[in-house]
Amino acid sequence: MKAYDLGFGESADALSVRPGKSIEIDLPGARVAGWCGGRAPGIGAASWPRSPVTGLPMIHVITLELPEDYRRKGEDLVAVSFFQADDHVADGIEGVNELLAGTAPTPEQAADPFLAAVAATAAARHPRQEDPEDMIGGAHALIRLTAEEFAAPRIGPPADIRPDGLGDKYSRGQNAWDDSAPETTVWIGERTGDPNTGLAPAEDGEGGYVDAWSSDDEDLEAFWSSVEGVSHLGGTVMPCQGLPEGLTPYVFELEDGVGGANFGGGNAQIDLESGVFDWAQ
């Protein structure tokens, strides 16, 4: 297998490590692999994931077409979409969690347009939606896409029908109505020179894995410096705190700020095979 780095921008000749940043990245042979921020893939507005705390639509962080080696849940599932709510300190809306879990709305809830829309999201939930939760309780969603879904026209979030009192983004958490980042093209290129390509991240040299910054080898130090802060598939991970357990060689490390993602200045590890998810700042 190979490892891959991601770059962001509208031209392969002018890519950055994060959207809107001036830190450039060189991706030889880069190809378009998706987009971040803005709209979601064509899964239907009713299926757009919502926060189980607030009921507000999550931001669309990134939709990424995966190289064949990284299609770990079926060859027909060619891409993934990742959404984030960042709602761990948000003021919750009563009944939202139960409605998203499939509880039938009461007559009072059914008469409320906002809560009725939340209930409709549960009924239209994408069959391949996964709900990874971070270590501090924030909600996220990962959806694996077929080629047809990936190629379908992109969609905006469902219509904003918030009643009075739900419009304060500081008390209601990050959401697609208030915090969606500008849409940016994502490019992918092969990562070379990574000693950990094809290896599961592990501590203390287990399985031959070499921890970042664990060697005085000048070539390795130069390599780690060159990839620090770069979103990537496979290879060396650089978590800001402890290494998550259960990662496989098929880990997707996503940096803060990509597509509006808020990892508190850190990054996230999303394992495409084991399902392990973690982020730290």
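Let me start with the sheet. In this predicted model, eleven strands form an open sheet, in the order β5-β6-β4-β3-β2-β7-β1-β8-β9-β10-β11, and the pairing is antiparallel. At the edges stand β5, residues 129–130, and β11, residues 277–280; each has a single partner strand, so one side of each is left without a neighbour in the sheet.

Now one pair from the sheet. Strand β1 covers residues 3–8 and strand β7 covers residues 184–191; they run antiparallel, and six bridges join them. If you want a place to look, find Leu 6, which stands opposite Ile 188 in β7.

Next, the pockets. What is the volume of the largest pocket? For the largest pocket the value is about 270 Å³. Its lining counts 20 residues, and those nearest the centre are Arg 50, Pro 52, Leu 100, Arg 125 and Asp 131. Two helices contribute: α1, residues 96–100, and α3, residues 113–123, each supply at least two residues of this lining. Sorted by class, the lining of the largest pocket holds nine nonpolar, six polar and five charged residues.

The second largest pocket has a volume of about 160 Å³. Which residues line the second largest pocket? Along the sequence, they are Asp 5, then Ile 25, Asp 26, Leu 27 and Pro 28, then Glu 190, Arg 191 and Thr 192, and finally Ser 226, Val 227 and Val 230. We meet β7 again here: β7 and helix α7, residues 218–227, each supply at least two residues of the lining of this second pocket. By class, that lining divides into five nonpolar, two polar and four charged residues.

Last, the cavities. How many cavities of 30 Å³ or more are counted? The count comes to one. The largest cavity has a volume of about 40 Å³. Lining the largest cavity are Leu 66, Tyr 70, Arg 71, Arg 72, Lys 73, Gly 74, Leu 77, Ala 79, Val 80 and Arg 144. Strand β4, residues 77–84, gives the largest share of that lining, three residues. The classes in the lining of the largest cavity are five nonpolar, one polar and four charged.

To go back over it on your screen, begin with the edge strands β5 and β11, then find Leu 6 opposite Ile 188. After that, go to Arg 50 and Pro 52, which are among the residues nearest the centre of the largest pocket. Finish with Gly 74, one of the residues that line the largest cavity. That is all I have.

Terms used
Residues numbered from 1 in each chain as written. Predicted model: local features only at pLDDT ≥ 70, side-chain atom pairs only at ≥ 80, totals over all residues. Heavy atoms only, no water. Pairing = 2+ DSSP bridges. Helix = DSSP H or I, 4+ residues; strand = E, 2+ residues; numbered from the N terminus. 1 Å grid on protein atoms, 1.4 Å probe; cavity = no way out; pocket = protein on both sides within 12 Å on 5 of 7 lines; lining within 4 Å. Points joined across faces, edges and corners; volume = space filled by probe spheres on them. Nonpolar A, V, L, I, M, F, W, Y, C, P; charged D, E, K, R; others polar.
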